[in-house]
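Welcome! Please take a moment to look over the sequence and the 3D view, and then read on for a short guided tour.

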Amino acid sequence: LRALPPRLGALLPELADLDLSHNVFHTASAATFGGVTLSSLSVLRLRANRVEAWELDSSMVPMLRTLDLSHNQLVEPSAALCSLRSLSALRLTQNQLRSVLSPSTARAKRMWVPSGLHQLEALRELSIAQNQLRELPPPFVATLAPNLSDLDVRCNPLSADAQRSLAQLARHGGAEAPPG
């Protein structure tokens with residue numbers, strides 16, 4: 001599959017769990033999902049596709065709690081992905097992530113807190129293992145990580161500073177420090 005049939009959401013208004021793993025989706029956008037709001041969807045699995053861009057914001061998937069985008073081609077979290085404030089579990093393992101910040105504000109280096117995964121305040125489980133992450137910026141470490149019950153950052157080329165931040169979190173009851 002490259003896109004869902006038009007009006008699938010209208011045909012299945014109570015759809016709560018959707019597994020679209022192992023297809024050839026390149027984007028997750030309104031067009032991909034037939035332009036219909038999936039108002040009851042709470043679990044979406046898009047593992048092992050070719051997703052390069054997440055463009056669905058919270059208005060399209062207002063009840064989404066679990067999102068699995070593992071084994072795709074994401075480089076940075078989009079502003080739309082960072083708008084999914086109801087997410088409690090996000091799996092981004094084995095993508096090509098270079099940052100946990102949204103590119104629109106991370107590149108601008110604004111003085112206020114940039115947009116990023118740390119804005120997902122309901123998040124309790126985050127897997128960002130096997131990516132290209134070197135840094136975990138202060139907003140991420142200070143805001144999001146302490147609230148997580150499960151943070152997986154294995155197999156990333158983390159800097160010494162990022163490893164120290166994670167070790168400090170582990171000492172204070174936050175995430176587990178990755179093996180050195």
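Is Cys82 buried or exposed? Cys82 is buried, with a relative accessible area of 1%, which falls under the 20% cut-off for that label. Please keep in mind as you read that this is a predicted model.

**The cysteines**

- Cys155 makes a nice contrast to Cys82: its relative accessible area is 56%, so Cys155 counts as exposed.
- If you are looking for disulfides, the structure holds zero of them.

**The nonpolar core**

- The largest nonpolar core has 48 residues, and Trp54, Leu117 and Ile128 are the ones that touch the most other members.
- Two elements, H3 and helix H4 (160-171), give two or more residues to this core.
- In soluble globular proteins, nonpolar side chains tend to be buried together.
- Leu117 is worth a closer look: leaving aside neighbours within four places in sequence, Leu117 is in contact with Pro77, Leu81, Cys82, Leu90, Leu92, Val100, Leu126, Ile128 and Leu144.
- That list brings back two residues you have already met, Cys82 and Ile128.

**Helix H3 and Ala142**

- Helix H3 covers residues 138-144, and Ala142 is found in it.
- Ala142 has 60% relative accessibility, so it counts as exposed, because that value is over the 50% cut-off.
- Along the chain, Ala142 and Ser165 are 23 residues apart, while in space their C-alpha atoms are 9.3 Å apart.

**Strand S5 and Thr66**

- Thr66 has its place in strand S5.
- With a relative accessible area of 17%, Thr66 is buried.
- Which residues does Thr66 contact, leaving aside its neighbours within four places in sequence? They are Ser42, Val43, Leu44, Leu87, Ala89 and Arg91.

**Two histidines with positive phi**

- His22 is not a glycine, yet it has a positive phi of about 60°.
- You can find His22 in the loop between strand S1 (17-19) and strand S2 (27-28).
- The relative accessibility of His22 is 64%, so this residue counts as exposed.
- His71 also has a positive phi of about 60°, although it is not a glycine.
- His71 sits in the loop between strand S5 (66-68) and strand S6 (89-91).
- At 30% relative accessibility, His71 counts as partly exposed, because this value lies between the 20% and 50% cut-offs.

How values were computed: Residues numbered from 1 in each chain as written. Predicted model: local features only at pLDDT ≥ 70, side-chain atom pairs only at ≥ 80, totals over all residues. Heavy atoms only, no water. Helix = DSSP H or I, 4+ residues; strand = E, 2+ residues; numbered from the N terminus. Buried < 20%, exposed > 50% of the residue type's maximum accessible area, 1.4 Å probe, protein only. Core = buried A, V, L, I, M, F, W, Y, C linked by side-chain atoms within 4.5 Å. Contact = heavy atoms within 4.5 Å. Disulfide = S-S within 2.5 Å.
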